[in-house]
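Me: Could you take a close look at the aromatic ring pairs in this one for me? I'd like the rings first, then whatever else helps me place them.

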Amino acid sequence: QMKELNIVGKSFPQLDAIEKAQGKTRFASDLVLPGMLHGRILRSPVPHARIVCLDTSRAERLPGVKAVAAYSDTPGIPFGPRTDDWSIFAKDRVRFCGDEVAAVAAVDEDTAEEALELIRVEYEEIPAVFDPLEAMQAGAPLVHDDKPGNIAAEFSIEAGRVDEALENSYFVYQDRYYTNQVYQAYLEPMGAVVEFDPSGRYIFHAGTQIPSMMRVTYAKALDVPLDRIRVIVPDYGGAFGAKMEHNSHLAAAVLARKAARPVRLFNTRYDDFIAGN
């Protein structure tokens, strides 16, 4: 019966194998646009702290720096792919090591990196939570003030007559299972090249598994109609469940609008480890 089928049970070469083997594939991180700037993000070195002072003036004066952005440069609208508890940059406190505090766009990556070192941030560290069960105990520090017990959301799954099935079972085994946070370690780090055109449209060149969901989330974050968000998905270097909405894309968008030039912003591998999804 297999001989009668055209596809099932047959061996076919991968459609893009030749281009990848020859090194001709153009990934999102390979894109170069006229006038493109290079972005970098300043991330929190502490897990939980109030931002007492944020001074970007020295970075703004550095030759080659075309834009510096922080929370005040954003619409300040809470958003998120699941619950509205994200902000493009930290407003008044950081909530994890790697939280986005500010970003710069410069004529090259070295200048952008140097500019980050000129941004002065004063933190007042406050107690943090690291274990989910401890985080739900009474009196535990709250990551978000409007989430009692640090519970972001609850859901239950039940199908059929569960109690009856348990009562009639020969053996019932109950336990609690844990797994660690997993970093997918794709070859191409998270990032995007973002344009802001004169009509007020943001164009994201980004590796993403769900561009339609990204458009909805980013339209809310940037406070623009959905038709002002265009997502172009080129080839990208792996995902494995992680290449979805990410604040690095939005940081690039804010910089692109402020500088009126395209901005390329990709995480370093270190940044990707601490601030990926």
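Reply: Here is a walk through the ring pairs, followed by the surroundings, the empty spaces and two backbone oddities.

A quick word on ground rules: this is a predicted model, so local features need pLDDT of at least 70 and side-chain atom pairs count only at pLDDT 80 or more, while totals for chains, interfaces and linings use all residues. Residues are numbered from 1 along each chain as its sequence is written, and side-chain values use heavy atoms, with hydrogens and water left out.

On to the rings. A pair of aromatic rings is described by the distance of the centres and the angle of the planes. Searching the whole structure turns up six aromatic pairs, where rings of Phe, Tyr and Trp (its six-membered ring) pair if their centres lie within 6.5 Å, and planes under 30 degrees apart count as stacked, over 60 as edge-to-face and the rest as tilted. Take Tyr183 and Phe273: their ring centres are 4.2 Å apart and the planes sit at 45°, so this pair is tilted. Tyr183 is in the loop between α5 (162–167) and β7 (191–196), while Phe273 belongs to helix α8 (residues 269–275), so the pair ties together parts 90 residues apart in sequence. (Helices, H or I with at least four residues, and strands, E with at least two, are DSSP runs numbered from the N terminus.) Phe273 counts as exposed, at 53% relative accessibility; the cut-offs are under 20% relative accessible area for buried, over 50% for exposed and partly exposed in between, with a 1.4 Å probe and protein chains only.

Phe196 and Tyr202 make another tilted pair, at 4.7 Å centre to centre with 50° between the planes. Phe196 is partly exposed at 25% relative accessibility, whereas Tyr202 is buried at 2%. These two are also part of a cluster, in which ring pairs link Phe196, Tyr202, Phe204 and Tyr218.

Now for the setting. The protein has eight helices and ten strands, and its C-alpha atoms fill a box of roughly 75 × 65 × 35 Å along the principal axes. Of the 277 residues, 39% are buried. Among contacts (heavy atoms within 4.5 Å) with a separation of 6 or more, 77% join residues 24 or more positions apart.

What about empty space? Rolling a probe the size of a water molecule over the atoms shows where it is left. On a 1 Å grid over the protein atoms alone, a cavity is a set of points where a 1.4 Å probe fits but cannot get out, and a pocket is an open set with protein on both sides within 12 Å along at least five of seven lines; lining residues have an atom within 4 Å of a point. Grid points are joined across faces, edges and corners, and a volume is the space filled by probe spheres set on the points. The count is one cavity of 30 Å³ or more, and the largest cavity holds about 40 Å³. Its lining includes Tyr236 and Phe266. The second largest pocket has about 150 Å³ of space. It has 13 lining residues, and those closest to its centre are Leu54, Thr56, Ala70, Tyr71 and Ser72. The elements giving two or more residues to this lining are β2 (49–55) and β3 (65–69).

Last, the backbone. Phe240 isn't a glycine, yet has a positive phi of about 60°. Phe240 sits in the loop between β9 (229–232) and α7 (247–259) and is exposed, at 61% relative accessible area. Asn150, also not a glycine, has a positive phi of about 55° and is found in the loop between α4 (132–135) and α5.
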